[in-house]
Amino acid sequence: MLPAAIVFDCDGLLLDTEGCWSAGQVALFARHGKAFAPEHKQALVGRSMSEAGPIYERFLGRSGRGTDLTDELVSLVVEELERTGCTPMPGAVELLDMLRGRAPLGVASNAPRPVFDAAITAAGVADRFGAAVSADDVERPKPAPDIYVEACRRLGADPAEAVALEDTATGLAAARAAGLRTIGVPSVSTTALEADVTAGSLLDPAVLAALGLAPDER
């Protein structure tokens, strides 16, 4: 049976936005006379803007300016998305096509609203969802459950009858805390995820079965 609602994560699950984030971070550091290094990236991966602010303050030597720095970064990432676009992850558009009209679809992102809107618009998928919830729409970002609770509310679905698809442990923790069943599809193949179903791709037969789809529907 199809779930009452299906809610997708955005970055790394539906869309490959990492290059745009990295370009924005490189530009931000350059503006402040610094070089962006792999250790900086590692410290910032998966962070919400509120968590990242103090880290940027430390790396860039701008004490007390965390909000200004993250606002500056958001503008740079949006510019990059509008200039270069972003690519859907393998199988993402095909899976959305298979689900069109069959179950309420939502997308739930820890990204700030301007980046989130620019990404789904650039990828041409903005019209696929009955609910699009960003970190700016709730009190607490992932791993808190707020984003998934709000997505299900907007879709008119009981979270216990909905399914979430995520590529990170942070996102899966949020979905579990909200009461959704979980599907983990890691964007990095070596990442181990704890989910009700795990698979190597969005079109894996295990994913299709968990969403109430038959493999021969591809």
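Colleague: What follows helix α5, and what is the sign of its phi?

Modeller: Helix α5 is followed by G101, with a positive phi near 75°. Helices here are DSSP runs of H or I with at least four residues, strands are E runs of at least two, and both are numbered from the N terminus. This is a predicted model, where local features need pLDDT of at least 70, side-chain atom pairs count only at pLDDT 80 or more, and totals for chains, interfaces and linings use all residues. Residues are numbered from 1 along each chain as its sequence is written, and side-chain values use heavy atoms, leaving out hydrogens and water.

Colleague: Which residues of α5 are buried?

Modeller: Buried means under 20% relative accessible area, exposed over 50%, and partly exposed in between, with a 1.4 Å probe and protein chains only. In α5 (residues 92-99), the buried ones are A92, L95, L96, M98 and L99. They lie on the same side of α5, because they cover an arc of only 160° around the axis, taken from the directions from the helix axis to the C-beta atoms.

Colleague: Why might such a pattern arise in a helix?

Modeller: An α-helix has 3.6 residues a turn, so residues three or four places apart point the same way.

Colleague: And W21 in helix α1, is that buried or exposed?

Modeller: W21 is buried, at 10% relative accessible area. Contact means heavy atoms within 4.5 Å, and beyond residues up to four places away in sequence, W21 touches D11, K41, M49, L73, V77, A111, P112 and V115. Of these, V115 is also one of the buried residues of helix α6.
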